[in-house]
Amino acid sequence: MPLGLAEFVISAGNGVHDLDTFRQLVGALHATPGASRVLCDAGLMPRHSQVGASGTVLAATCYVALGISGAPQHLQGVAG
């Protein structure tokens with residue numbers, strides 16, 4: 001599902017060191033994966049999963065952020 005249309009998003013940031021387990025969690029909870037700019041810039045997550053002002057602004061009803069510091073640009077993507 002496209003990130004901007006997802007109802008339930010779980011995002012990983014630089015504090016998540018085991019992306020395989022992260023992906024398993026996302027799948028088990030039937031969520032849509034998101035990511036911080038740092039992980040996308042490093043090539044660890046695809047660019048289309050980036051949440052924030054320079055990525056996708058979410059309309060999700062539930063958002064879980066793991067290992068994300070809360071940079072202003074990221075928070076702009078979840079402010080709604």
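In this tour, Ala, Val, Leu, Ile, Met, Phe, Trp, Tyr, Cys and Pro count as nonpolar, Asp, Glu, Lys and Arg count as charged, and the others, Gly among them, count as polar. The model is predicted, and residues are numbered from 1 along each chain as its sequence is written. Local features need pLDDT of at least 70, side-chain atom pairs count only at pLDDT 80 or more, totals for chains, interfaces and linings use all residues, and side-chain values use heavy atoms, with hydrogens and water left out.

**Stop 1: the strands**

Begin by selecting residues 8–12, which form strand β1. Strands here are DSSP runs of E with at least two residues, helices are runs of H or I with at least four, and both are numbered from the N terminus. Four of the five residues of β1 are buried, and the strand is thus mostly covered. Buried denotes a relative accessible area under 20%, exposed one over 50%, and partly exposed anything in between, with a 1.4 Å probe and protein chains only.

Add residues 62–66, strand β3, to the selection: β1 and β3 run parallel and are joined by five bridges. Two strands pair if DSSP finds at least two bridges between them. Within this pairing, I10 stands opposite V64 of β3.

Then add β2, residues 32–35. β1 pairs with β2 over four bridges, in the parallel sense, and V9 has T32 of β2 as its bridge partner.

**Stop 2: S36 and the largest pocket**

Move next to S36, in the loop between β2 and α2 (37–41). Is S36 buried or exposed? S36 counts as buried because its relative accessibility is 8%. Leaving out residues up to four places away in sequence, S36 touches A12, G13, N14, Q50, I68 and H74; contact means heavy atoms within 4.5 Å.

Now display the largest pocket, where S36, R37, V38, A71 and H74 are the lining residues nearest the centre. On a 1 Å grid over the protein atoms alone, a pocket is an open set of points where a 1.4 Å probe fits, with protein on both sides within 12 Å along at least five of seven lines, and lining residues have an atom within 4 Å of a point. Rolling a probe the size of a water molecule over the atoms shows where empty space is left.

The lining of the largest pocket comprises 17 residues. The elements that give two or more residues to this lining are α2 and α3 (72–78). By class, the lining divides into five nonpolar residues, 11 polar and one charged. The pocket holds about 220 Å³ of space, a volume being the space filled by probe spheres set on grid points that are joined across faces, edges and corners.

**Stop 3: the cysteines**

Select C40 and C62 together. How many disulfides does the structure hold? It holds zero, a disulfide being a pair of cysteine sulfur atoms within 2.5 Å. The closest cysteine sulfur to that of C40 is in C62, 20 Å away, and so too far for a bond. C40 is buried, with a relative accessible area of 6%, whereas C62 is partly exposed, at 33%.

**Stop 4: helix α1 and the loop after it**

Select residues 19–28, helix α1, and find R23 there. R23 is partly exposed, with a relative accessible area of 40%. Apart from its neighbours within four places in sequence, R23 is in contact with L44 and M45. Between the C-alpha atoms of R23 and I68 the separation is 16 Å, the two residues being 45 apart along the chain.

D20 also lies in α1, and its 54% relative accessibility makes it exposed. The C-alpha atoms of D20 and S69 are separated by 21 Å.

Continue to H30, in the loop between α1 and β2. H30 is exposed, with a relative accessible area of 70%. Its phi is near 55°, a positive value in a residue other than glycine.

**Stop 5: the loop between α2 and β3**

Finally, select G55, in the loop between α2 and β3. G55 is partly exposed, at 34% relative accessible area, and the C-alpha atoms of G55 and V78 are separated by 11 Å.

T61 lies in the loop between α2 and β3 as well. T61 counts as exposed because its relative accessibility is 66%. Which distance separates T61 from F8, C-alpha to C-alpha? T61 and F8 are 6.3 Å apart in space and 53 residues apart in sequence.
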